[in-house]
Amino acid sequence: DGFLAVLEADAKERAKQRKRNEQLANALKEEGNDSFRKGDYLLAIRKYTEGLEKLKDKQELYTNRAQAYLKIHQYEKAISDCELALKCNGKCIKAYFLMGKAHLVLKHYSESRQCYEKMLQTDPQKKSLFEDCLNEVNLEEKRMKDEENALKEAEAGSLAALSIKELLEAVGRPGQNILYYTAGIRLLTGAVKSCTEQTLFRTNNGFSILKDNETVRRGFCAERKTSAEVDLSVSLLFLWQAVCTGNEENQRLLLTHCAVNAQLAELLSSGIPEIQKETLALISLYSGSENGRRLLGKHQDLTKWLQILMMFVNSTDARADIAMNILTDLTELERFKTQCRVTLSTDVLPLFSQLLTSAKLVNQAALARAIGIMGKLSADGGIRVQMAESPECWQGCLKLLDECIDVSTPKYHECLFAVLGLMMNLLLESNAIIQHFAVDISTRCMSLLRDKDGRILTRATGVLSRILPASSTAVEEVVKGGVVKKIIKFLKAGGQITSSYGLKTLCICTRSNRQAQEDVVKSDKSFSVLLKLLESENEILVGNAALCLGQCLEVPGAATSLLNSSVVRTLLKHAGGDATRTSVQENAAIALGKLCVSEPRHIFQLRELNGLAILNSSMKYVHST
């Protein structure tokens with residue numbers, strides 16, 4: 001007993017000592033973190049080390065010290081600390097991440113990849129970080145191989161290598177006039193024909209042209225350019241296209257150059273067609289690839305780019321098409337969407353609304369693409385809310401609809417198709433502005449239901465299905481305009497997407513409008529269209545068909561017209577079925593109950609099918625409606 005008591009006392013003492021040591025280690029960790037934030041990495045390392053003397057199995061101290069070692073370029077020590085951290089905690093993501101960074105700097109590419117793969121295995125939610133890290137390794141490995149090959153070319157006395165070096169020296173010669181530098185830059189552009197010349201341009205400090213040459217920098221950055229400065233700027237843009245095409249390291253270096261970074265938006269807004277065209281061509285090199293878009297998002301303030309690029313809808317030449325291509329690419333970038341929200345209401349929407357109302361005066365092909373881009377951006381909730389709350393945006397959409405109805409040309413048709421898609425997206429929102437425009441929107445859509453283009457019919461019906469819930473007045477107007485007859489005609493044609501929108505429209509109209517219910521009974525003899533839809537494999541169509549049928553059974557004689565049909569069997573199957581959407585069972589049960597209440601003779605068939613229990617359970621739905 002005495003021995004056990006001693007052991008117990010010793011264990012308690014050791015627990016107390018560990019607690020004291022843990023408190024000391026935590027305090028030293030915080031002191032180290034404070035030093036790290038201030039940039040005093042050596043002091044941070046000393047504090048983390050003192051903390052580890054108090055508590056040798058504290059993982060955070062190892063990873064924090066590893067991070068400090070990375071800052072002072074002691075990569076082997078960083079790797080060692082990461083390994084010790086993983087002994088403390090085998091699932092430490094930070095240890096794998098920092099170790100991967102250290103191996104990358106040491107050119108241990110395989111080891112670096114392995115660290116990042118372990119990081120992903122430990123936490124699959126880090127997929128985005130893993131992809132970024134792996135991309136960094138691949139780019140760095142390629143950069144090193146390219147530079148090794150270029151060095152061999154230079155050492156072998158390659159003419160291409162000598163040419164690049166000599167031309168860069170000539171362009172860097174001070175005291176020459178602007179025409180001299182423009183000519184030199186053009187010769188340099190012509191000499192860049194492959195990855196080797198691109199790499200030699202980089203390794204011979206080609207990107208320092210702007211920084212080191214006052215004449216070139218002044219001409220490129222001039223706010224109001226002379227014709228000579230325009231030629232110089234265009235020549236530089238051609239050169240950068242040549243050295244950056246397919247070369248991701250050169251793309252990165254160019255974007256990190258402060259003068260280029262600051263000037264891209266200015267060049268796009270310059271109003272000088274030659275400069276704008278080549279600036280667009282340069283940017284498209286980036287936007288066309290995932291890594292290029294990542295570079296743009298990281299190094300460029302994209303806040304005003306949507307507005308700037310959309311201005312090119314006014315251009316009648318290739319600039320409009322290139323600008324729309326870039327915008328389409330940028331919509332893949334989450335950072336772009338985030339930054340678009342900042343100036344959307346103040347800058348972008350006034351311009352966009354103006355373009356919508358000026359379809360006759362702008363590049364209509366580009367306008368259609370711009371509308372499509374705004375439609376894609378509206379998938380973002382923050383952007384969609386701002387657009388849906390803009391009266392000017394809705395007015396612009398309506399004006400464009402009017403013009404497209406009046407003028408039937410292929411380009412106008414594309415604008416019409418795009419704007420209907422945009423409106424469908426915006427109608428996912430519900431607000432007072434939408435309610436205000438509901439009648440106008442539904443009236444325009446009714447006019448479009450005569451269009452011969454199936455795509456237009458589908459989207460016009462889709463807009464109707466989303467705008468009508470916002471206004472009972474709009475429902476009354478479209479019912480008076482014969483919407484039911486038109487929709488029944490579409491449903492007979494059988495297109496699934498159009499049927500889905502059309503059936504939803506019928507459900508909205510028949511929910512509270514007696515004329516709509518009567519129009520369905522007249523237009524769909526014996527409910528043949530709705531009965532066919534009840535046999536669909538699409539649960540949404542089935543649920544809405546049952547809902548619409550149930551609502552129309554309130555019309556006197558409607559239930560009687562179904563006495564010799566299979567409607568009881570069909571509704572019973574769905575009411576007692578196992579559809580994943582409970583609305584299917586509920587709507588079928590309601591329709592079945594209403595059917596038997598309106599025409600009791602249906603109960604005889606129901607009894608034959610042993611469906612009275614289902615009918616009884618459905619009565620609660622009938623009473624609730």
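His73 counts as exposed, because its relative accessibility of 56% lies over the 50% cut-off. This residue sits in the loop that joins α3 (59-71) to α4 (75-88). Although His73 is not a glycine, its phi is positive, at about 65°. These values, like those that follow, come from a predicted model.

A second residue of this kind is found in another loop. Asn610, which is likewise not a glycine, has a positive phi near 55°. Its loop lies between α35 (602-608) and α36 (612-624). With a relative accessibility of 69%, Asn610 counts as exposed.

Between these two loops in sequence stands a residue with the opposite accessibility class. Arg384 belongs to helix α22, which spans residues 381-388. Is Arg384 buried or exposed? Its relative accessibility is 14%, under the 20% cut-off, and Arg384 therefore counts as buried. Ten residues separate Arg384 from Met374 in sequence, and their C-alpha atoms are 9.2 Å apart in space.

The text now turns to spans annotated in the UniProt record. An unreviewed entry assigns "repeat: TPR" to residues 93-126. In the model, this span is 79% helix and 0% strand, and the C-alpha atoms at its ends are 9 Å apart. Helix α5 (93-105) contains Lys101. Lys101 counts as partly exposed, with a relative accessibility of 22%. From Lys101 to Cys115 there are 14 residues in sequence, while the C-alpha atoms of the pair lie 8.9 Å apart in space.

The unreviewed UniProt entry also places the feature "coiled-coil region" at residues 14-65 and 130-157. Over residues 14-65 the model shows 87% helix and 0% strand, with the end C-alpha atoms 27 Å apart. For residues 130-157 the corresponding values are 93% helix and 0% strand, and the end C-alpha atoms lie 41 Å apart.

Helix α7 (127-155) leads to the open and enclosed spaces of the model. The largest pocket has a volume of about 820 Å³. Which residues lie closest to the centre of this pocket? Of the 30 residues in its lining, they are Asp132, Asn135, Asn291, Arg294 and Lys298. Two or more lining residues come from each of α5, α7, α14, α17 (290-299) and α20 (334-356). Among these contributors, α7 gives the most, with nine residues. Sorted by class, the lining of the largest pocket holds 16 charged, nine nonpolar and five polar residues.

Enclosed space is a separate matter. How many cavities of 30 Å³ or more does a search of the whole structure find? The search finds one. About 40 Å³ of space lies in this largest cavity. Its lining is formed by Leu139, Lys142, Arg143, Asp146, Arg202, Asn247, Glu248 and Glu249. By class, one of these residues is nonpolar, one is polar and six are charged.

Where does the lining of the cavity come from? At least two of its residues are supplied by each of α7 and α14 (248-255). The largest share, four residues, belongs to α7. Helix α7 thus gives the most to the lining of the largest pocket and the largest share to that of the largest cavity. The cavity lies between domain 1 (19-153) and domain 2 (157-287), because both domains give residues to its lining.

Among the lining residues of the cavity, Asn247 can be followed further. Asn247 is found in the loop between α13 (227-244) and α14. Asn247 has a relative accessible area of 2%, which is under the 20% cut-off, so this residue counts as buried. A polar atom of the Asn247 side chain lies 3.0 Å from the backbone nitrogen of Asn250. In contrast to the exposed loop residues His73 and Asn610, Asn247 is a loop residue that is buried.

Conventions. Residues numbered from 1 in each chain as written. Predicted model: local features only at pLDDT ≥ 70, side-chain atom pairs only at ≥ 80, totals over all residues. Heavy atoms only, no water. 1 Å grid on protein atoms, 1.4 Å probe; cavity = no way out; pocket = protein on both sides within 12 Å on 5 of 7 lines; lining within 4 Å. Points joined across faces, edges and corners; volume = space filled by probe spheres on them. Nonpolar A, V, L, I, M, F, W, Y, C, P; charged D, E, K, R; others polar. Domains from an automatic or database assignment. UniProt positions renumbered as here; feature names shortened; annotations may be inferred. Buried < 20%, exposed > 50% of the residue type's maximum accessible area, 1.4 Å probe, protein only. Polar contact = N/O pair within 3.5 Å; in protein donor to acceptor, adjacent residues only side chain to side chain.
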